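Here are some short exercises to work through with the structure open beside you. Try each task on your own before reading its solution.

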Amino acid sequence: MRNFSLFLLLLFASSEAATALAPPPLPDGLQEQEKEKKKEAPALPAGLFGAAPPSLPPGLGGTEKKDKDPADTNGWANNFGINFTGFSEMRAGLRLQSDPYEKAASIGEARLQLSFEKEFTLGTATITADALFDPVLNSHHINLETGNGWLDLREASFLMRPASFVDVKIGRQILTWGTGDLLFINDLFPKDWNAFFIGRDTEYLKAPSDAVKLALFSDAANLDVIYTPRFDTDRFIDGQRLSYFNPALGGLAGQNAVINSARPDTWFVDDEWALRLYRGIGTAEIALYFYDGFWKSPAGQNPVSGLATFPRLRTYGASIRRPLFGGIAHLEAGFYDSLDDPSGDNPFVANSEFRLLAGFERELAPELTGTFQYYQERLAHYDAYLASLPSGLPVRDKTRHVLTTRLTKLAMNQTLTWSLFVYYSPSDKDGYVRPKISYKLTDAWQADIGANLFFGAEPDTFFRQFENNTNLFTSLRYSF
Amino acid sequence: MKKFILSLIAVAAVAVSAHAAPTVDEIVAKATHAAYYQGNDGKAKVTMTITDKQGRTRERAFTILRRDNSGPDGPQKFYVYFRGPADVAKTVFMVWKNTESDDDRWMYLPALDLVKRIAASDERTSFVGSHFFYEDVSGRGPAEDTHVLEEETEHYYVLKSTPKNSGAAEFDHYKSFIHKSSFLPVQIQYFDKNGENYRTYDALKVDMIDGFATVTAARMTDTRIGGNTEMHYTGVTYDKGIKEAIFSERYLRNPPRKELR
């Protein structure tokens with residue numbers, strides 16, 4: 001059979017076979033002959049078929065043209081086997097209205113990111129660190145968990161392939177899975193909502209995890225197991241940088257009422273497990289998810305100390321993503337089992353929730369892509385929630401609905417990107433708009449201008465509570 | 001002995017191709033094969049220089065791994081690992097090229113550890129901001145056009161190809177100069193409705209690699225966009241046994257460093 005296909009290949013590509021077996025390129029003499037022949041042959045009159053035929057390129061009997069060797073001009077070469085990249089960036093932003101509890105500047109920072117990667121026999125080591133000067137925050141004390149201070153360690157990991165069916169990544173790393181576009185159900189890895197709302201680059205929405213990732217591969221299915229020995233919280237909105245609705249105060253609050261929280265932080269006790277079982281079926285990708293840990297942002301309160309808490313959380317979920325109607329459709333669901341409040345009647349712990357997401361992305365016109373998503377959160381024990389809710393606190397709807405739209409338009413040879421992302425909740429009657437324009441001045445320089453606009457009807461709804469943080473930002477980045 | 005028989009077959013095949021003038025469909029099939037299907041798999045390091053109409057240049061450097069599915073020239077898988085510029089370094093673009101349906105595409109963004117599935121796009125939009133279209137990189141289906149052998153010159157078969165569905169492409173027709181012995185397209189001229197040649201592909205350099213005549217430098221010029229893009233290929237290899245498993249989510253998140261070297 002193999003011989004037969006070889007034969008077919010030869011027959012099919014007789015010319016290659018000839019060159020493969022016959023002596024390779026034309027020796028000088030022959031090339032001269034070709035040139036001689038060319039001289040004798042009358043030039044085809046222009047106009048016979050529009051233009052004269054092209055001359056043969058070097059290698060097909062044409063004359064050699066001196067080409068620069070691209071390897072010489074490759075500016076991304078390795079030094080001592082260390083691959084080094086990074087960027088430096090200035091980013092500034094202003095609140096578009098006064099906020100009684102926060103500074104007028106929403107962001108003002110100089111950032112230098114250095115990323116090193118080195119291959120060893122055993123695997124690949126990666127370190128990515130951001131040095132940061134950020135006058136908006138008052139404290140510059142380094143806290144690698146919250147990312148506060150002048151150093152934010154994004155990655156310090158070692159990736160190994162101990163067997164053909166296993167990949168292991170140990171250390172500080174960014175982790176992502178799931179199908180949503182800026183909506184997350186089964187991705188319970190830490191997010192940095194501050195970075196997202198003040199207009200840092202989207203990559204900063206993902207905060208790093210200190211974890212071990214074990215990825216197992218087989219023909220039947222693939223399994224990711226991620227163990228975080230000590231709970232990593234979201235970098236949540238706590239009032240230091242962004243104002244928010246404080247139910248205890250019954251109004252907006254910020255630096256006057258910074259949320260103090262009690263993070264479960266005992267190594268190997270307050271740990272997290274995240275599992276994903278996935279495979280492709282035809283062009284569809286399906287996945288099952290499991291998480292055991294804690295609500296990632298505060299979802300409760302200690303009635304004695306008053307500290308915000310991270311109650312126990314276990315989630316189960318599934319997703320499917322596949323091409324449909326010339327685009328990509330995705331569907332994802334999850335059940336958030338609030339383990340410390342199994343029947344939903346504890347007013348100091350968040351209720352269990354069902355979450356659902358359906359989305360579709362496709363090209364609307366050349367260089368214009370649109371994404372549309374529907375998302376809902378439904379309380380699992382709504383009657384118990386209502387019955388146990390202390391009077392005076394705002395009442396949640398049983399179901400929160402959110403619609404999102406993303407439009408991305410590329411222009412000027414893809415150097416200019418117009419993008420718009422809109423969240424709108426018909427049930428909360430509030431929303432969040434993220435317009436942005438990016439322009440690549442050169443391969444190295446990029447300028448951005450964008451905004452984070454919050455609006456809504458009631459002050460206590462999810463997006464509206466950030467209204468006083470509505471901001472405009474601009475940045476200039478040099479990548480190397 | 002096996003080799004000897006193979007050479008005999010090869011010689012016979014050459015003899016046949018040399019004496020019987022190939023039909024248009026044969027030329028098109030062989031040209032497609034020569035341009036996109038040499039060997040069962042292949043690797044190339046590509047440096048792309050994009051020059052805009054004001055003469056400013058931008059560069060892209062990436063490594064392409066390709067693997068053909070079994071059977072005649074049909075579906076293929078591509079793994080494109082970006083080495084530069086710095087802001088896109090380590091980004092991976094993966095395509096499962098389908099001949100009967102839309103291609104499947106994925107993008108891996110390392111800073112977010114995000115495997116993003118990308119909606120199929122118009123095949124005739126720019127590949128990474130260059131003057132080359134997706135279709136120029138992965139190949140246009142021969143069945144999408146009607147081909148006519150217009151002329152035979154000393155070195156070339158000159159074909160005129162007209163799209164069957166004229167609304168699906170921005171050109172009215174294109175003319176290709178197919179090198180007679182290698183079947184490599186040396187030049188392709190695209191014409192608009194007024195017969196104006198506004199876009200031209202040129203093979204600038206051909207090298208014999210692992211027995212395959214391979215274009216190692218090419219240029220696309222487009223007067224509508226202005227400027228041009230040159231692609232230079234180095235480190236080209238064929239039939240190194242690139243495994244199918246590489247074209248999967250696992251290798252998006254953990255690039256096949258040995259194969260990319």
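## Exercise 1: A residue with positive phi in chain A

Q414(A) counts as partly exposed, because it has 17 C-beta neighbours inside 10 Å. Keep in mind throughout that this is a predicted model.

**Task.** Find where Q414(A) lies in chain A, and state what is notable about its phi.

**Solution.**
- Step 1: Look between the strands β19 (399–411) and β20 (416–425) of chain A; Q414(A) is in the loop there.
- Step 2: Read the backbone angle. Phi of Q414(A) is positive, about 65°, although the residue is not a glycine.
- Step 3: Check the class of the residue. Partly exposed is the range between 12 or fewer neighbours (exposed) and 20 or more (buried), so the count of 17 puts Q414(A) in that range.

## Exercise 2: Two loop residues in chain B

**Task.** Decide whether D113(B) is buried or exposed, and do likewise for K53(B).

**Solution.**
- Step 1: Place D113(B). It is in the loop between β5 (104–109) and β6 (114–118) of chain B, and its phi is near 50°, a positive value in a residue other than glycine.
- Step 2: Count its neighbours. D113(B) has 22 C-beta neighbours inside 10 Å, so it counts as buried.
- Step 3: Place K53(B). The loop between β1 (41–51) and β2 (57–68) of chain B holds this residue.
- Step 4: Count again. K53(B) is exposed because 12 other C-beta atoms lie within 10 Å.
- Step 5: List the contacts of K53(B). Leaving aside neighbours within four places in sequence, K53(B) touches G226(B) and G227(B).
- Step 6: Compare sequence with space. K53(B) and H33(B) are 20 residues apart along the chain, and their C-alpha atoms are separated by 33 Å.

## Exercise 3: Checking a helix

**Task.** Test whether the length of helix α2 (residues 24–36) of chain B agrees with its number of residues.

**Solution.**
- Step 1: Work out the expected span. The rule is 1.5 Å times one less than the number of residues, so the 13 residues of α2(B) should span 18 Å.
- Step 2: Compare with the model. The end C-alpha atoms of α2(B) are 18 Å apart, which agrees.
- Step 3: Pick out the buried positions. In α2(B) these are I27(B), V28(B), K30(B), A31(B), H33(B), A34(B) and A35(B).

## Exercise 4: The nonpolar cores

**Task.** Which residues have the most contacts inside the largest nonpolar core?

**Solution.**
- Step 1: Start from the general expectation. Nonpolar side chains tend to be buried together in soluble globular proteins.
- Step 2: Inspect the core. The largest one has 55 residues, and those with the most contacts inside it are A31(B), Y79(B), V80(B), V92(B), M94(B), I178(B) and L184(B).
- Step 3: Ask which element contributes the largest share. Strand β12 (residues 212–222) of chain B does, with 6 residues.
- Step 4: Follow one member. Beyond its neighbours within four places in sequence, A31(B) is in contact with I178(B), F183(B) and P185(B).
- Step 5: Look for another core apart from the largest. It has 26 residues, among them L252(A), L357(A), Y375(A) and F466(A).

## Exercise 5: Pairing strands

**Task.** Describe how β7 and β8 of chain B pair, then give the strand order of the open sheet formed by 3 strands in chain A.

**Solution.**
- Step 1: In chain B, β7 (residues 145–152) and β8 (residues 156–163) run antiparallel and are joined by 7 bridges.
- Step 2: β7(B) and β8(B) form a hairpin with 3 residues between them. E152(B) stands opposite Y157(B).
- Step 3: In chain A, the order is β10-β14-β13, with mixed pairing. The edge strands are β10 (261–262) and β13 (300–301) of chain A.
- Step 4: β13(A) pairs with β14 (residues 308–309) of chain A in the antiparallel sense over 2 bridges. G300(A) has T309(A) as its bridge partner.

## Exercise 6: How far to trust chain A

**Task.** Where in chain A is confidence lowest, and where highest?

**Solution.**
- Step 1: Take the average. The mean pLDDT of chain A is 86, and 84% of its residues reach 70 or more.
- Step 2: Find the extremes. The lowest mean, 35, belongs to helix α2 (residues 14–21) of chain A, and the highest, 98, to strand β7 (residues 222–228) of chain A.
- Step 3: Mark the weak stretches. pLDDT stays under 50 over residues 1–50 of chain A and over residues 65–77 of chain A.
- Step 4: Apply the caution. Where pLDDT is low, predicted coordinates should not be read in detail.

Conventions
Residues numbered from 1 in each chain as written. Chains lettered and ligands numbered in written order. Predicted model: local features only at pLDDT ≥ 70, side-chain atom pairs only at ≥ 80, totals over all residues. Core = buried A, V, L, I, M, F, W, Y, C linked by C-beta atoms within 7 Å. Helix = DSSP H or I, 4+ residues; strand = E, 2+ residues; numbered from the N terminus. Contact = placed C-beta atoms within 7 Å. Pairing = 2+ DSSP bridges. pLDDT = per-residue confidence, 0-100.
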